[in-house]
Amino acid sequence: MKEYGEEYVKKYVAVPGYSEHHTGLALDLFLIIDGKGVYLNEDMVQYPEIWDKIHAKLADHGFILRYLPEKKIETGYSYEPWHIRYIDDVDAAREIMDKGITYERYLGELDPMIADCTVDYGSSKLYAESDIDGAIDPILAEFSTWEGCTLKSLAFTDDATCEKELESANKLRDEGTEEFTQALVLTSAFHTPSAEQVEGTAWEPDTDYEDWTWLLARRSSEDSWELLTWGLG
Ligand SMILES: [Zn+2]
């Protein structure tokens with residue numbers, strides 16, 4: 001926390017007692033390149049070709065890659081090429097790795113709220129995948145209060161939209177707080193539940209809502225995203 005800050009810790013570090021490492025079945029790998037150890041997460045991600053070769057061999061030994069790219073919505077973690085898990089079943093490991101699915105999906109343990117949700121990270125020069133991942137928790141915290149609704153898609157818009165919306169974000173800022181420096185805009189689609197479940201809400205029952213927009217902002221690249229507003233259009 002002292003070294004990397006809260007945003008980083010939320011992305012990569014489990015709260016005490018909840019790390020998969022407590023099972024004794026997970027390992028974090030590191031690299032030795034030209035005789036020099038590469039241990040830091042931010043350095044290790046600079047070698048995608050090496051990780052591809054390592055990941056291709058995991059299943060042969062009963063291991064799987066646990067925190068896949070672009071799957072934070074399912075695993076709760078951003079991409080960790082170094083974190084592998086032993087599952088004691090070479091065939092299952094091979095199936096998981098061949099399909100490129102998360103362990104949660106393989107076990108059928110995904111929350112129905114997000115089980116059918118696709119996440120499109122788009123192409124951004126402003127934000128890395130892990131920046132966009134930072135929006136998932138605040139959006140899900142809000143979305144989970146919409147009883148029975150299921151998320152169908154979540155998509156990064158584009159850099160120009162994010163830059164344009166910084167002004168609107170600052171208008172929504174709490175009085176007396178520092179200006180936001182970055183905005184993040186995502187769109188989503190979701191499905192509403194049956195008539196009984198939507199009673200007393202603004203939703204039509206059993207309906208797909210498209211083009212639902214979420215606006216988030218932060219003050220520097222180390223800060224967490226604040227969810228400011230959401231709605232149609
Ligand atoms: Zn780990």
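How many Å separate the centres of domain 1 and domain 2, taken over C-alpha atoms? In this predicted model, the separation of the two centres is 28 Å. Domain 1 covers residues 14–107, and domain 2 covers residues 118–232. Where the two touch, domain 1 contributes 6 residues and domain 2 also contributes 6 residues. On the side of domain 1 that touches domain 2, 3 residues are nonpolar, 1 is polar and 2 are charged.

The protein as a whole can be described by a few numbers. Its C-alpha trace spans about 55 × 45 × 35 Å along the principal axes. The secondary structure consists of 10 helices and 10 strands. Of the 233 residues, 24% count as buried. Taking contacts between residues at least 6 apart in sequence, 64% join residues at least 24 apart.

Three of the strands can be followed by their pairing. Strand β7, residues 150–156, runs antiparallel to strand β8, residues 182–191, and 6 bridges link the two. In this pairing F156 is placed opposite L186 of β8. On to the next pair: β8 and strand β9, residues 208–218, are also antiparallel, with 9 bridges. Here A183 faces A217 of β9 across the pairing. Strand β8 therefore pairs with both β7 and β9. As a general point, side chains in a regular strand alternate between the two faces of the sheet.

The residues just named lead to the largest nonpolar core, which has 24 residues. Its members that touch the most other members are A135, A183, L184, L186, L215, L216 and A217. At least two residues of this core come from each of α8 (136–143), β7, α9 (159–171), β8 and β9. Strand β8 is the largest contributor, with 5 residues. Both residues of the A183 and A217 pair are thus found again among the members with the most core neighbours.

A217 can be examined further through its contacts. Which residues does A217 contact, leaving aside its neighbours within four places in sequence? They are A169, F180, Q182, A183, W225, E226 and L228. The list includes A183, which also stands opposite A217 in the strand pairing. Apart from this core lies another core, made up of 12 residues. Among its members are L58, A59, F63 and I84.

Definitions and conventions
Residues are numbered from 1 along each chain as its sequence is written. This is a predicted model: local features need pLDDT of at least 70, side-chain atom pairs count only at pLDDT 80 or more; totals for chains, interfaces and linings use all residues. Helices (H or I, at least four residues) and strands (E, at least two) are DSSP runs, numbered from the N terminus. A nonpolar core is a set of buried Ala, Val, Leu, Ile, Met, Phe, Trp, Tyr and Cys residues joined through C-beta atoms within 7 Å. A residue is buried if 20 or more other C-beta atoms lie within 10 Å of its own, exposed if 12 or fewer, and partly exposed in between; C-beta atoms are placed from the backbone. Two residues are in contact if their C-beta atoms, placed from the backbone, lie within 7 Å. Domain bounds come from an automatic or database domain assignment. Ala, Val, Leu, Ile, Met, Phe, Trp, Tyr, Cys and Pro count as nonpolar, Asp, Glu, Lys and Arg as charged, and the others, Gly among them, as polar.
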